[in-house]
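Please read the following walk through the fold with the coordinates open beside it. It takes up the cysteines, then the nonpolar cores, then a pair of packed helices.

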Amino acid sequence: MPWILALVFAVIGFAGNREWGGLVGFAFGFVFGYTRQLDSRIKLLERRLAELARAPRPEPVATPPPAVEAEAPAATEPPPAPAPAVRDPWFDGTPARITAPRPAPAPAPRASLPPDPLTRAFDAAKAYFTTGNVVAKAGVVVLFFGVAFLLKYAAEHAILPIEVRLAAVAAGGLALVAVGWRKRLERAAFALLLQGAGVGVMYLTVFAALRLYHVLPASLAFGLMLGLVAFSALLAILQDARALAVAGSIGGFLAPVLISSGGGSHVALFSYYALLNAGIFAIAWFKAWRILNWLGFMFTFVIATAWGVTSYRPEHFATTEPFLVLFYAFYLVIPVLFARRVPVALEGYVDGTLVFGLPVVGFGLQYGLVRDMEYGAALSALALGGVYLALAATSWKRWGAESRRLPEAQLALGVIFLTLTVPFALAAGVTAATWALEAAGIYWVALHQGRTLARWFALLLQIGAAVAFVAHYDGLRHAGDLPVLNTACLGAAFIAAAGFFTSWCSERYADALPPAERPLRAVLLAWGLGWWYVAGLAEIDRHVAHELREATALVFSSVSLAALARLAHPAWTAMRQASLLHLAIVTLAAGGAYLNHPTRQVLADLGGLAWPLALAVWYGLLRAEETLWPRRAVELGHAGGLLVASFIAAFSASRAMAATLPGASTWAFVAWPALAAAALGALAKFGPRLAWPVVRHAPVYTGLAAGGLAAFLLGWALYACTEPGGATPLPWLPLANPLELLQGVAVIAAALWARRTMADARLPHLPAWALPAIVGGTLFLVANAALGRAVHHLGGVPFDLGALARSPVFEAALAVFWGVTALGVMHFASRRGLREPWFAGAGLLGLLTVKLFLIDLAGTGTIGRIVSFLATGGLMLLIGYLSPLPPRRAGAAP
């Protein structure tokens with residue numbers, strides 16, 4: 001079969017193009033035939049496997065164990081005859097042997113799905129060439145092509161008068177029809193073959209007389225063609241011969257292709273095809289022959305498309321548009337005529353091609369004709385939309401609920417074409433807005449009617465709106481200077497509104513959705529929020545001054561999320577949960593304000609409105625949604641709210657101090673711990689008076705929120721050790737300068753918080769040794785920095801680690817300080833009987849000794865070295881006398 005189809009398509013291709021048409025046709029026919037052959041084999045295997053799976057399996061016969069007899073040997077019976085060999089139907093190997101199966105009841109016949117129309121057409125072609133009178137059938141095909149090539153040869157070589165030649169060919173075709181008609185009762189199949197061949201020959205003759213030889217006037221030729229169309233249709237209807245109708249149609253459509261010489265009038269060609277389609281239309285009025293409808297559609301629009309691609313010019317519009325409208329009308333009505341007799345199965349190949357393929361191909365051709373005309377495509381889409389809606393209303397009245405698929409398909413196509421009208425007629429922003437609103441409405445209706453395809457169409461339409469918006473965004477940005485009320489902003493806003501509405505619908509009517517579609521509500525909500533922010537932030541970028549954009553964006557975000565959360569309450573839970581996004585946005589905005597503009601007053605310009613509003617919305621959402629949001633998110637929200645508020649207050653105070661004292665950076669630097677310590681103190685003092693949020697969430701505020709402030713204070717105190725700490729415009733005094741005072745305040749505030757936390761059983765706390773170690777270690781580093789700072793300010797040594805290390809004054813002071821510190825710690829530990837602090841002091845003393853012998857002995861001057869050694873030695877003697885190692889307590893581990 002692949003070779004037969006390859007030869008047939010090769011002939012057709014060669015007739016169309018002598019250079020490469022035959023080769024392409026041969027390859028296409030072979031691949032197509034081979035694919036269909038493989039498909040048939042696979043389906044056969046699947047059917048046989050299904051039959052084997054349904055058949056009951058044989059049960060093996062259980063043999064009892066042999067009886068054991070020790071004495072007299074039992075008479076042995078001859079072995080049973082072997083079971084008959086059964087050949088496996090799937091393999092050609094050794095026959096399989098099975099043990100006596102029980103006779104199984106014949107499986108009940110199972111209704112199989114009818115094959116698709118393309119399979120039926122292929123099977124019919126296969127049967128045509130492989131069953132029945134194969135010789136006669138092949139002869140008909142060969143005869144048809146022979147007549148076509150004879151006419152072409154006669155056109156190129158003057159052999160006999162042309163009228164005689166044409167009349168002889170026509171008489172031969174008529175004779176074939178007459179013989180076939182006479183034999184219709186004796187040999188029906190053979191008779192139909194002859195009739196089909198005769199009709200095809202007469203089609204060829206009339207068309208050649210009109211197009212190639214011009215021996216017939218156009219009116220007479222088309223009259224004859226119309227007669228042939230009616231004649232062949234009548235023969236097919238009278239004999240109920242679908243094959244005759246198909247054969248006549250194929251011959252009629254191939255006639256102009258086979259005898260074409262590359263020239264001629266497209267009007268004659270399309271007029272001829274109009275007559276052929278009129279015959280198909282007439283047959284469709286009486287017979288429900290899907291394959292005939294499909295062949296007419298394919299031949300008409302494939303050949304018309306080929307002519308349009310290669311030969312159409314704008315001046316052909318007036319002589320081409322009427323034919324396109326006529327062809328479209330034929331195949332628009334034919335599915336309706338078909339539905340009058342059998343239910344339309346839109347999932348089938350043929351009906352799907354006519355109902356859905358026609359608008360795709362037909363409107364594509366129409367667009368090619370009118371694309372250079374202003375509003376041509378828009379008016380065409382509008383007209384088709386109206387036609388489909390009217391046809392849907394008529395079909396619905398005709399069938400009602402009996403067969404809703406065809407009216408629903410026509411309704412969907414009408415909506416699609418009305419949708420296409422907008423982008424062809426209006427700007428991209430308006431297109432996006434219209435499509436988005438239309439998508440929201442379609443989705444709502446589809447949810448109520450349970451239409452899956454309509455829901456997905458609505459979602460795809462929203463994507464189409466976004467694509468239309470993005471593709472033309474550069475032009476939309478300059479479409480209008482009016483803030484908000486311009487096509488760019490409104491287009492994005494309507495896309496966002498459609499996303500919000502479909503998300504709400506998918507949650508509100510979740511029971512009407514299959515489980516696989518329900519997670520889409522989160523995706524739709526994210527889609528809506530994304531486009532909402534695109535609309536707002538783009539407007540801010542276009543119309544707001546640069547220095548005001550960040551604060552304006554924060555106001556926009558706060559108001560938007562607050563309003564959406566309020567509108568979503570209480571039913572739209574997805575939106576209420578999404579309002580948690582505000583906390584992340586405000587946190588990122590605070591960090592961005594510091595990183596991008598560290599020297600700008602955060603509350604300047606609109607910041608004085610934006611930040612209080614953002615924090616108010618923050619706590620308002622916490623109050624409204626704390627029962628809906630996850631518990632951990634609520635805890636982080638309360639702690640983060642306090643920390644962000646403290647951060648903004650400290651940042652603002654720091655910028656205010658920098659503006660007040662431009663040359664004194666230390667005052668701006670110490671504003672940070674001052675505000676943080678104040679917030680920690682205010683939380684401890686006034687927090688117990690606030691029923692909400694502090695008392696209600698006391699563990700969060702006492703632990704996580706206050707702990708964040710305490711950690712910041714300790715971190716700042718350590719970082720401040722690297723600062724020289726001037727006091728301008730005040731004189732610098734040791735320990736009484738702003739930097740060292742605030743370092744002390746920071747460490748003490750953190751220590752008080754840690755002590756209070758350890759007394760609260762509701763909070764996790766550190767081991768007993770950790771608090772003294774952290775606070776003590778921080779104070780020790782702060783004191784070392786204060787000592788170096790004193791040497792810097794009073795001794796004129798640069799505040800640099802290398803310069804201080806080379807200073808004998810700093811080295812001697814450091815040795816004295818470390819020794820005194822070790823003495824104090826060890827004496828305190830000895831008096832209290834605490835061994836761990838005593839060892840800590842001893843460790844510091846050992847570190848001091850190592851420093852003296854390895855560093856100071858080689859690097860310091862004579863005076864510094866003398867002072868360091870004398871002081872350290874004296875302190876060690878004093879420690880040995882006053883602070884001996886405390887004895888180990890009874891029961892303590894060694």
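A search of the whole structure for disulfides, defined as pairs of cysteine sulfur atoms within 2.5 Å, finds 0 of them. Cys 489 counts as buried because its relative accessibility is 8%, and Cys 505 counts as buried at 0%, where buried means under 20% relative accessible area with a 1.4 Å probe and protein chains only.

This is a predicted model, in which local features need pLDDT of at least 70 and side-chain atom pairs count only at pLDDT 80 or more, while totals for chains, interfaces and linings use all residues. Residues are numbered from 1 along each chain as its sequence is written, and side-chain values use heavy atoms, with hydrogens and water left out.

The largest nonpolar core (buried Ala, Val, Leu, Ile, Met, Phe, Trp, Tyr and Cys residues joined through side-chain atoms within 4.5 Å) has 67 residues, and those with the most contacts inside it are Tyr 273, Phe 327, Tyr 331 and Leu 358. Helix α11, residues 317-339, gives the most to this core, with 11 residues; helices here are DSSP runs of H or I, at least four residues, numbered from the N terminus. Apart from this core lies another, of 39 residues, among them Val 422, Leu 447, Ala 492 and Ile 540.

Elsewhere, helix α5 (residues 162-182) and helix α6 (residues 188-211) pack with their axes, lines fitted to C-alpha atoms over the stretch in contact, 7 Å apart and at an angle of about 160 degrees. The two helices α5 and α6 are therefore roughly antiparallel, a term for angles over 145 degrees on a scale from 0 to 180 between N-to-C directions.

Conventions. Buried means under 20% relative accessible area, exposed over 50%, partly exposed in between (1.4 Å probe, protein chains only). Angles under 35 degrees count as roughly parallel, over 145 as roughly antiparallel, 65 to 115 as roughly perpendicular and the rest as oblique.
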